[in-house]
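Visitor: Please take me on a close look at one part of this molecule, the cysteines and charged side chains in its later stretch. I'm new to this, so explain the terms as you go.

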Amino acid sequence: MTSEFVYAQPVKIFFGAGKFARLGAVLEELGIERAVLCCGRHFAPEAEMLMAADGRIRAVFSRVEQNPQLSGIEETVRLCREQQAQAVIGIGGGSSLDTAKCAAAVAPNPGEALDYYEGRRALDAGSRLTILAVPTTAGTGSEVTQVSVVSHGKEKKTINNPAFMPSAAIVDPELTLGVPPRTTMNTGLDAMAHALEGYWSKNHQPIPDLMAVEAVRLILENLERAFRNGGDLEARSRLSYAALLGGLSFALPKTAASHACSYPLSEDYHLPHGEACAFTLDSLVRINADGRLEELCRRVGLAGTEELAERIRALKELGGLRSRLSELGEVDLPKLCRDCAAHPLMQNNPVPLDEEKLREMFEALR
Ligand code: NAD
(Lines give C-alpha, C1' and ligand atoms only; values in the text may rest on other atoms or scores of the structure.)
Protein backbone atom coordinates (compact mmCIF):
# COMPACT_ATOMS: atom_id res chain seq x y z
CA MET A 1 0.00 0.00 0.00
CA THR A 2 1.08 3.58 -0.71
CA SER A 3 2.06 5.16 2.60
CA GLU A 4 0.83 8.64 1.63
CA PHE A 5 -2.02 9.95 -0.50
CA VAL A 6 -4.61 12.71 -0.74
CA TYR A 7 -8.08 11.51 -1.64
CA ALA A 8 -11.14 13.73 -2.19
CA GLN A 9 -14.50 13.13 -3.85
CA PRO A 10 -16.79 16.16 -3.69
CA VAL A 11 -19.86 14.98 -5.66
CA LYS A 12 -23.04 14.02 -3.81
CA ILE A 13 -24.24 10.87 -5.57
CA PHE A 14 -27.88 9.73 -5.65
CA PHE A 15 -27.77 6.17 -7.01
CA GLY A 16 -30.58 3.73 -7.77
CA ALA A 17 -33.31 2.63 -10.17
CA GLY A 18 -36.07 5.26 -10.18
CA LYS A 19 -33.92 7.93 -8.50
CA PHE A 20 -34.41 10.31 -11.44
CA ALA A 21 -37.96 10.89 -10.16
CA ARG A 22 -36.30 12.82 -7.33
CA LEU A 23 -34.88 15.47 -9.70
CA GLY A 24 -37.18 18.13 -8.22
CA ALA A 25 -36.17 17.26 -4.66
CA VAL A 26 -32.49 17.39 -5.61
CA LEU A 27 -32.95 20.83 -7.21
CA GLU A 28 -34.62 21.93 -4.01
CA GLU A 29 -31.80 20.54 -1.89
CA LEU A 30 -29.31 22.44 -4.06
CA GLY A 31 -31.39 25.62 -3.71
CA ILE A 32 -31.92 25.98 -7.46
CA GLU A 33 -34.76 28.12 -8.77
CA ARG A 34 -33.57 28.71 -12.36
CA ALA A 35 -31.82 26.02 -14.40
CA VAL A 36 -30.98 25.23 -18.01
CA LEU A 37 -31.19 21.60 -19.13
CA CYS A 38 -28.74 20.29 -21.66
CA CYS A 39 -29.13 16.92 -23.43
CA GLY A 40 -28.84 15.01 -26.70
CA ARG A 41 -31.62 14.38 -29.20
CA HIS A 42 -32.59 11.03 -27.66
CA PHE A 43 -33.76 12.85 -24.51
CA ALA A 44 -35.33 15.90 -26.23
CA PRO A 45 -39.02 14.90 -25.81
CA GLU A 46 -38.56 14.08 -22.10
CA ALA A 47 -36.65 17.33 -21.61
CA GLU A 48 -39.54 19.35 -23.02
CA MET A 49 -41.94 17.48 -20.70
CA LEU A 50 -39.69 18.14 -17.70
CA MET A 51 -39.59 21.85 -18.55
CA ALA A 52 -43.39 21.95 -18.85
CA ALA A 53 -43.77 20.20 -15.48
CA ASP A 54 -41.14 22.09 -13.45
CA GLY A 55 -41.01 25.88 -13.71
CA ARG A 56 -37.44 25.88 -12.42
CA ILE A 57 -36.24 24.44 -15.73
CA ARG A 58 -36.24 27.64 -17.81
CA ALA A 59 -34.69 26.49 -21.08
CA VAL A 60 -33.52 23.35 -22.86
CA PHE A 61 -30.61 22.84 -25.26
CA SER A 62 -31.23 19.40 -26.78
CA ARG A 63 -28.86 19.27 -29.74
CA VAL A 64 -25.67 17.91 -28.10
CA GLU A 65 -23.77 15.79 -30.65
CA GLN A 66 -21.36 12.92 -30.01
CA ASN A 67 -17.86 14.36 -29.39
CA PRO A 68 -19.57 17.61 -28.41
CA GLN A 69 -18.64 20.77 -30.27
CA LEU A 70 -17.80 24.11 -28.74
CA SER A 71 -20.75 25.59 -30.65
CA GLY A 72 -23.20 23.59 -28.47
CA ILE A 73 -21.46 24.91 -25.37
CA GLU A 74 -21.73 28.50 -26.68
CA GLU A 75 -25.47 27.99 -27.24
CA THR A 76 -25.97 26.58 -23.71
CA VAL A 77 -23.96 29.50 -22.26
CA ARG A 78 -26.21 31.91 -24.16
CA LEU A 79 -29.34 30.27 -22.68
CA CYS A 80 -27.85 30.36 -19.17
CA ARG A 81 -27.07 34.06 -19.45
CA GLU A 82 -30.47 34.86 -20.97
CA GLN A 83 -32.26 32.98 -18.17
CA GLN A 84 -29.87 34.10 -15.40
CA ALA A 85 -29.61 30.41 -14.56
CA GLN A 86 -28.12 29.24 -11.27
CA ALA A 87 -27.51 25.72 -12.52
CA VAL A 88 -27.00 23.56 -15.57
CA ILE A 89 -28.52 20.07 -15.58
CA GLY A 90 -26.71 17.75 -17.97
CA ILE A 91 -28.72 14.65 -18.89
CA GLY A 92 -27.26 12.14 -21.32
CA GLY A 93 -24.04 10.41 -22.20
CA GLY A 94 -20.63 11.96 -21.57
CA SER A 95 -21.19 14.37 -24.48
CA SER A 96 -24.16 16.02 -22.75
CA LEU A 97 -22.55 16.01 -19.32
CA ASP A 98 -19.34 17.58 -20.66
CA THR A 99 -21.34 20.26 -22.52
CA ALA A 100 -23.24 21.08 -19.32
CA LYS A 101 -20.03 21.19 -17.26
CA CYS A 102 -18.30 23.59 -19.68
CA ALA A 103 -21.31 25.84 -20.06
CA ALA A 104 -21.70 26.08 -16.27
CA ALA A 105 -18.05 27.06 -15.89
CA VAL A 106 -18.20 29.77 -18.58
CA ALA A 107 -21.70 31.28 -18.22
CA PRO A 108 -21.25 33.54 -15.16
CA ASN A 109 -17.91 34.88 -16.37
CA PRO A 110 -16.86 37.37 -19.03
CA GLY A 111 -16.03 36.28 -22.56
CA GLU A 112 -17.05 33.31 -24.67
CA ALA A 113 -16.33 29.57 -24.39
CA LEU A 114 -13.73 29.92 -27.18
CA ASP A 115 -11.68 32.32 -25.00
CA TYR A 116 -11.41 29.63 -22.31
CA TYR A 117 -10.87 26.81 -24.83
CA GLU A 118 -7.96 28.71 -26.38
CA GLY A 119 -6.54 29.74 -23.00
CA ARG A 120 -7.06 33.51 -23.36
CA ARG A 121 -9.12 33.43 -20.16
CA ALA A 122 -8.78 31.13 -17.13
CA LEU A 123 -11.60 29.11 -15.58
CA ASP A 124 -12.35 29.76 -11.91
CA ALA A 125 -13.90 27.05 -9.70
CA GLY A 126 -15.10 29.84 -7.38
CA SER A 127 -17.21 31.40 -10.13
CA ARG A 128 -19.42 28.93 -11.94
CA LEU A 129 -23.00 27.69 -11.96
CA THR A 130 -24.07 24.60 -10.02
CA ILE A 131 -23.70 21.43 -12.09
CA LEU A 132 -26.12 18.53 -11.76
CA ALA A 133 -25.05 15.52 -13.83
CA VAL A 134 -27.45 12.74 -14.84
CA PRO A 135 -25.79 10.02 -16.94
CA THR A 136 -27.93 8.00 -19.35
CA THR A 137 -25.07 5.77 -20.53
CA ALA A 138 -22.95 3.52 -18.31
CA GLY A 139 -19.52 4.60 -19.46
CA THR A 140 -17.75 7.89 -19.01
CA GLY A 141 -18.05 8.54 -15.28
CA SER A 142 -18.14 12.23 -16.23
CA GLU A 143 -20.64 12.74 -13.39
CA VAL A 144 -17.76 12.43 -10.89
CA THR A 145 -14.81 13.97 -12.73
CA GLN A 146 -13.49 17.47 -13.28
CA VAL A 147 -12.78 16.59 -16.90
CA SER A 148 -14.59 17.93 -19.93
CA VAL A 149 -13.78 16.70 -23.42
CA VAL A 150 -14.59 19.29 -26.07
CA SER A 151 -14.21 19.32 -29.84
CA HIS A 152 -13.63 22.43 -31.90
CA GLY A 153 -13.70 21.58 -35.59
CA LYS A 154 -11.54 18.49 -35.95
CA GLU A 155 -9.55 19.05 -32.76
CA LYS A 156 -10.67 17.19 -29.61
CA LYS A 157 -9.31 18.49 -26.32
CA THR A 158 -9.49 17.19 -22.75
CA ILE A 159 -9.72 20.03 -20.27
CA ASN A 160 -9.14 19.14 -16.62
CA ASN A 161 -10.29 21.87 -14.26
CA PRO A 162 -11.93 21.96 -10.80
CA ALA A 163 -14.54 24.36 -12.27
CA PHE A 164 -16.07 21.33 -14.06
CA MET A 165 -16.69 19.21 -10.96
CA PRO A 166 -20.43 18.48 -10.62
CA SER A 167 -22.09 19.36 -7.32
CA ALA A 168 -24.37 16.36 -7.51
CA ALA A 169 -25.11 13.36 -9.70
CA ILE A 170 -28.27 11.31 -10.11
CA VAL A 171 -27.25 7.87 -11.39
CA ASP A 172 -30.44 6.04 -12.32
CA PRO A 173 -29.84 2.79 -14.25
CA GLU A 174 -33.40 2.91 -15.63
CA LEU A 175 -32.24 5.82 -17.81
CA THR A 176 -29.81 3.46 -19.57
CA LEU A 177 -32.40 0.83 -20.56
CA GLY A 178 -32.76 2.31 -24.07
CA VAL A 179 -29.06 2.47 -24.93
CA PRO A 180 -28.56 0.51 -28.22
CA PRO A 181 -26.38 -2.65 -28.01
CA ARG A 182 -23.36 -1.23 -29.80
CA THR A 183 -23.32 1.91 -27.63
CA THR A 184 -23.76 -0.36 -24.60
CA MET A 185 -20.57 -2.18 -25.62
CA ASN A 186 -18.63 1.02 -26.45
CA THR A 187 -19.54 2.71 -23.19
CA GLY A 188 -19.03 -0.44 -21.09
CA LEU A 189 -15.52 -0.84 -22.47
CA ASP A 190 -14.87 2.87 -21.86
CA ALA A 191 -15.70 2.23 -18.20
CA MET A 192 -13.39 -0.82 -18.25
CA ALA A 193 -10.62 1.39 -19.70
CA HIS A 194 -11.15 3.96 -16.93
CA ALA A 195 -10.87 1.31 -14.24
CA LEU A 196 -7.80 -0.39 -15.74
CA GLU A 197 -6.04 2.87 -16.58
CA GLY A 198 -6.75 4.40 -13.17
CA TYR A 199 -5.34 1.19 -11.67
CA TRP A 200 -2.18 1.04 -13.79
CA SER A 201 -1.65 4.83 -13.98
CA LYS A 202 1.70 5.92 -12.54
CA ASN A 203 -0.39 8.05 -10.13
CA HIS A 204 -2.59 5.22 -8.86
CA GLN A 205 -3.85 5.40 -5.27
CA PRO A 206 -5.21 2.80 -2.82
CA ILE A 207 -8.87 3.96 -2.65
CA PRO A 208 -9.38 4.34 -6.42
CA ASP A 209 -7.57 0.98 -6.84
CA LEU A 210 -10.27 -0.74 -4.77
CA MET A 211 -12.99 0.79 -6.91
CA ALA A 212 -11.16 -0.17 -10.11
CA VAL A 213 -11.06 -3.85 -9.15
CA GLU A 214 -14.79 -3.89 -8.40
CA ALA A 215 -15.58 -2.03 -11.64
CA VAL A 216 -13.62 -4.54 -13.72
CA ARG A 217 -15.36 -7.46 -11.97
CA LEU A 218 -18.84 -5.99 -12.55
CA ILE A 219 -18.17 -5.18 -16.21
CA LEU A 220 -16.81 -8.66 -16.93
CA GLU A 221 -19.90 -10.18 -15.30
CA ASN A 222 -22.57 -7.92 -16.80
CA LEU A 223 -21.56 -6.27 -20.07
CA GLU A 224 -22.35 -9.22 -22.34
CA ARG A 225 -25.66 -9.67 -20.50
CA ALA A 226 -26.75 -6.03 -21.04
CA PHE A 227 -25.52 -6.14 -24.65
CA ARG A 228 -27.69 -9.18 -25.37
CA ASN A 229 -30.71 -7.93 -23.41
CA GLY A 230 -30.85 -4.17 -23.02
CA GLY A 231 -33.94 -4.45 -20.80
CA ASP A 232 -32.11 -6.43 -18.09
CA LEU A 233 -32.34 -3.90 -15.27
CA GLU A 234 -30.11 -5.90 -12.93
CA ALA A 235 -27.26 -5.99 -15.47
CA ARG A 236 -27.86 -2.31 -16.33
CA SER A 237 -27.75 -1.38 -12.62
CA ARG A 238 -24.47 -3.18 -12.11
CA LEU A 239 -23.00 -1.48 -15.18
CA SER A 240 -24.16 1.98 -14.02
CA TYR A 241 -22.49 1.30 -10.68
CA ALA A 242 -19.36 0.01 -12.46
CA ALA A 243 -19.19 3.12 -14.66
CA LEU A 244 -19.51 5.31 -11.58
CA LEU A 245 -16.70 3.36 -9.91
CA GLY A 246 -14.71 3.61 -13.16
CA GLY A 247 -15.05 7.40 -13.05
CA LEU A 248 -13.91 7.47 -9.44
CA SER A 249 -11.01 5.12 -10.32
CA PHE A 250 -9.45 7.55 -12.79
CA ALA A 251 -10.68 10.91 -11.44
CA LEU A 252 -7.48 11.46 -9.44
CA PRO A 253 -4.91 9.06 -11.00
CA LYS A 254 -5.92 10.06 -14.58
CA THR A 255 -5.94 7.69 -17.53
CA ALA A 256 -2.95 6.51 -19.57
CA ALA A 257 -1.97 4.96 -22.92
CA SER A 258 -5.34 3.64 -24.14
CA HIS A 259 -6.89 7.07 -23.65
CA ALA A 260 -3.85 8.78 -25.18
CA CYS A 261 -4.30 6.60 -28.29
CA SER A 262 -8.07 7.18 -28.34
CA TYR A 263 -7.68 10.85 -29.30
CA PRO A 264 -5.99 10.38 -32.70
CA LEU A 265 -8.27 7.37 -33.33
CA SER A 266 -11.36 9.56 -32.75
CA GLU A 267 -10.03 12.68 -34.48
CA ASP A 268 -8.62 11.07 -37.63
CA TYR A 269 -10.60 7.83 -37.93
CA HIS A 270 -13.88 8.92 -36.28
CA LEU A 271 -14.21 6.10 -33.76
CA PRO A 272 -16.66 6.84 -30.92
CA HIS A 273 -14.81 7.42 -27.65
CA GLY A 274 -15.40 3.99 -26.07
CA GLU A 275 -14.52 2.12 -29.27
CA ALA A 276 -11.37 4.24 -29.61
CA CYS A 277 -10.27 3.39 -26.05
CA ALA A 278 -11.08 -0.29 -26.53
CA PHE A 279 -9.08 -0.43 -29.80
CA THR A 280 -5.77 -0.74 -27.94
CA LEU A 281 -6.98 -1.86 -24.49
CA ASP A 282 -6.30 -5.60 -24.84
CA SER A 283 -2.88 -4.89 -26.38
CA LEU A 284 -2.10 -2.61 -23.44
CA VAL A 285 -3.20 -5.22 -20.89
CA ARG A 286 -0.42 -7.39 -22.37
CA ILE A 287 2.10 -4.54 -22.54
CA ASN A 288 1.38 -3.31 -18.99
CA ALA A 289 1.14 -6.81 -17.47
CA ASP A 290 2.95 -6.86 -14.14
CA GLY A 291 2.46 -8.23 -10.63
CA ARG A 292 -0.18 -5.64 -9.72
CA LEU A 293 -2.25 -6.36 -12.81
CA GLU A 294 -1.95 -10.11 -12.17
CA GLU A 295 -3.26 -9.41 -8.66
CA LEU A 296 -6.27 -7.50 -10.08
CA CYS A 297 -6.98 -10.44 -12.40
CA ARG A 298 -6.92 -12.91 -9.51
CA ARG A 299 -9.25 -10.69 -7.49
CA VAL A 300 -11.83 -10.62 -10.29
CA GLY A 301 -11.66 -14.40 -10.74
CA LEU A 302 -9.42 -14.59 -13.82
CA ALA A 303 -6.35 -16.79 -14.23
CA GLY A 304 -4.19 -13.82 -15.23
CA THR A 305 -3.58 -10.92 -17.62
CA GLU A 306 -3.73 -13.10 -20.74
CA GLU A 307 -7.29 -14.11 -19.87
CA LEU A 308 -8.23 -10.45 -19.20
CA ALA A 309 -6.86 -9.39 -22.60
CA GLU A 310 -8.74 -12.24 -24.28
CA ARG A 311 -12.02 -11.34 -22.51
CA ILE A 312 -11.71 -7.72 -23.72
CA ARG A 313 -10.96 -8.87 -27.29
CA ALA A 314 -13.99 -11.19 -27.23
CA LEU A 315 -16.27 -8.38 -25.98
CA LYS A 316 -15.06 -6.13 -28.81
CA GLU A 317 -15.78 -8.88 -31.32
CA LEU A 318 -19.23 -9.53 -29.85
CA GLY A 319 -20.07 -5.80 -30.07
CA GLY A 320 -18.85 -5.51 -33.66
CA LEU A 321 -16.27 -2.91 -32.61
CA ARG A 322 -13.41 -2.17 -34.98
CA SER A 323 -10.16 -3.56 -33.65
CA ARG A 324 -7.79 -3.78 -36.64
CA LEU A 325 -6.08 -1.03 -38.64
CA SER A 326 -7.48 -2.56 -41.84
CA GLU A 327 -10.97 -1.59 -40.59
CA LEU A 328 -10.07 2.10 -40.33
CA GLY A 329 -9.59 2.86 -44.03
CA GLU A 330 -6.31 4.42 -45.14
CA VAL A 331 -4.11 4.74 -42.06
CA ASP A 332 -1.12 7.08 -41.78
CA LEU A 333 0.75 4.88 -39.29
CA PRO A 334 3.74 7.20 -38.65
CA LYS A 335 1.35 10.10 -37.87
CA LEU A 336 -0.86 7.88 -35.70
CA CYS A 337 2.16 6.74 -33.65
CA ARG A 338 3.52 10.29 -33.44
CA ASP A 339 0.20 11.70 -32.22
CA CYS A 340 -0.36 8.90 -29.69
CA ALA A 341 3.18 9.25 -28.30
CA ALA A 342 2.81 13.03 -27.99
CA HIS A 343 -0.46 12.93 -26.03
CA PRO A 344 0.14 14.05 -22.42
CA LEU A 345 -1.77 11.06 -20.97
CA MET A 346 0.92 8.78 -22.43
CA GLN A 347 3.17 10.03 -19.61
CA ASN A 348 0.93 8.22 -17.08
CA ASN A 349 1.48 4.80 -18.61
CA PRO A 350 3.57 2.55 -16.36
CA VAL A 351 5.56 1.21 -19.34
CA PRO A 352 7.17 3.97 -21.42
CA LEU A 353 5.82 3.85 -24.98
CA ASP A 354 7.63 5.82 -27.66
CA GLU A 355 6.73 6.00 -31.35
CA GLU A 356 8.69 2.83 -32.11
CA LYS A 357 6.99 0.75 -29.40
CA LEU A 358 3.59 2.09 -30.47
CA ARG A 359 4.38 1.15 -34.06
CA GLU A 360 5.08 -2.42 -32.90
CA MET A 361 1.75 -2.47 -31.07
CA PHE A 362 -0.22 -1.13 -34.05
CA GLU A 363 1.64 -3.38 -36.55
CA ALA A 364 0.29 -6.36 -34.58
CA LEU A 365 -3.21 -4.94 -35.13
CA ARG A 366 -2.98 -4.73 -38.94
P1 NAD B 1 -22.41 10.07 -26.00
O2 NAD B 1 -22.78 10.98 -24.91
O3 NAD B 1 -21.69 10.67 -27.17
O4 NAD B 1 -23.71 9.32 -26.49
C5 NAD B 1 -23.62 8.35 -27.53
C6 NAD B 1 -24.95 8.25 -28.25
O7 NAD B 1 -25.89 7.58 -27.41
C8 NAD B 1 -25.58 9.61 -28.57
O9 NAD B 1 -26.16 9.54 -29.84
C10 NAD B 1 -26.62 9.78 -27.48
O11 NAD B 1 -27.68 10.63 -27.88
C12 NAD B 1 -27.08 8.34 -27.30
N13 NAD B 1 -27.65 8.04 -25.98
C14 NAD B 1 -27.16 8.40 -24.76
N15 NAD B 1 -27.93 7.87 -23.79
C16 NAD B 1 -28.92 7.16 -24.41
C17 NAD B 1 -30.02 6.40 -23.94
N18 NAD B 1 -30.24 6.23 -22.63
N19 NAD B 1 -30.83 5.82 -24.84
C20 NAD B 1 -30.59 5.97 -26.18
N21 NAD B 1 -29.57 6.67 -26.68
C22 NAD B 1 -28.74 7.27 -25.80
O23 NAD B 1 -21.54 8.83 -25.51
P24 NAD B 1 -20.71 8.56 -24.19
O25 NAD B 1 -19.83 7.43 -24.52
O26 NAD B 1 -21.57 8.47 -23.01
O27 NAD B 1 -19.81 9.87 -24.04
C28 NAD B 1 -18.70 10.07 -24.87
C29 NAD B 1 -18.13 11.45 -24.66
O30 NAD B 1 -17.71 11.63 -23.30
C31 NAD B 1 -16.88 11.68 -25.52
O32 NAD B 1 -16.84 13.01 -25.98
C33 NAD B 1 -15.76 11.40 -24.54
O34 NAD B 1 -14.55 12.01 -24.94
C35 NAD B 1 -16.33 11.99 -23.27
N36 NAD B 1 -15.76 11.47 -22.01
C37 NAD B 1 -15.72 12.31 -20.94
C38 NAD B 1 -15.20 11.89 -19.73
C39 NAD B 1 -15.15 12.83 -18.58
O40 NAD B 1 -14.67 12.47 -17.49
N41 NAD B 1 -15.64 14.03 -18.72
C42 NAD B 1 -14.73 10.58 -19.60
C43 NAD B 1 -14.79 9.74 -20.70
C44 NAD B 1 -15.31 10.19 -21.89
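Guide: Let's start with a term: a disulfide is a pair of cysteine sulfur atoms within 2.5 Å. This is a predicted model, where local features need pLDDT of at least 70 and side-chain atom pairs count only at pLDDT 80 or more, while totals for chains, interfaces and linings use all residues. Residues are numbered from 1 along each chain as its sequence is written, and side-chain values use heavy atoms, with hydrogens and water left out.

So how many disulfides does the structure hold? The count is 0. Take Cys 297: the closest cysteine sulfur, in Cys 277, sits 19 Å from its own, too far for a bond. Cys 277 doesn't find a partner either, because the closest cysteine sulfur, in Cys 261, is 9.5 Å away, again too far for a bond. Cys 277 is buried, at 0% relative accessibility, and Cys 297 is buried too, at 0%. (Buried means under 20% relative accessible area, exposed means over 50%, and partly exposed is in between, with a 1.4 Å probe and protein chains only.)

Now for the charges. A salt bridge here is a side-chain nitrogen of Lys or Arg within 4 Å of a carboxyl oxygen of Asp or Glu, and by that rule the count comes to 28. I'll also be naming helices, which are DSSP runs (H or I, at least four residues) numbered from the N terminus.

Glu 275 is a good place to look. It belongs to helix 10 (residues 273-287) and makes a salt bridge with Arg 322, with the closest N and O atoms 2.9 Å apart. Arg 322 lies in the loop between helix 12 (305-319) and helix 13 (333-342), 47 residues apart from Glu 275, and the pair links distant parts of the chain. Glu 275 counts as buried, at 1% relative accessibility, whereas Arg 322 is partly exposed at 23%.

Helix 13 has a bridge of its own: the side chains of Asp 339 and Lys 335 meet, N to O, at 2.6 Å. These two are 4 residues apart in helix 13, so about one helical turn separates them. Asp 339 is partly exposed, at 26%, and so is Lys 335, at 29%.

You'll find a similar spacing back in helix 7 (residues 206-228), where Glu 224 and Arg 228 lie 4 residues apart, about one turn of the helix. Their salt bridge has its closest N and O atoms 2.9 Å apart. Glu 224 is partly exposed at 37%, and Arg 228 is exposed at 57%.

Further along, Asp 354, Glu 355, Glu 356 and Glu 360 gather in a patch of negative charge on the surface. A patch of this kind joins like charges within 9 Å, using residues with over 30% relative accessible area and no salt bridge. One member, Glu 355, lies in helix 14 (residues 355-363) and is partly exposed at 40%.

Before you go, check the backbone in two loops. Most residues other than glycine have a negative phi. Lys 254, though, has a positive phi near 70°; you'll find Lys 254 in the loop between helix 8 (233-251) and helix 9 (257-269). His 270, not a glycine either, has a positive phi of about 60° and is found in the loop between helix 9 and helix 10. Lys 254 is partly exposed at 36%, while His 270 is exposed at 61%.

Note on methods. Patch = residues over 30% accessible without salt bridge, like charges linked within 9 Å, V, L, I, M, F, W, Y side chains within 5 Å. Areas by Shrake-Rupley, 256 points an atom, 1.4 Å probe, with all protein chains shown as cover. Lys, Arg positive; Asp, Glu negative; His and termini not counted. Charge placed at Lys NZ, Arg CZ, Asp CG, Glu CD.
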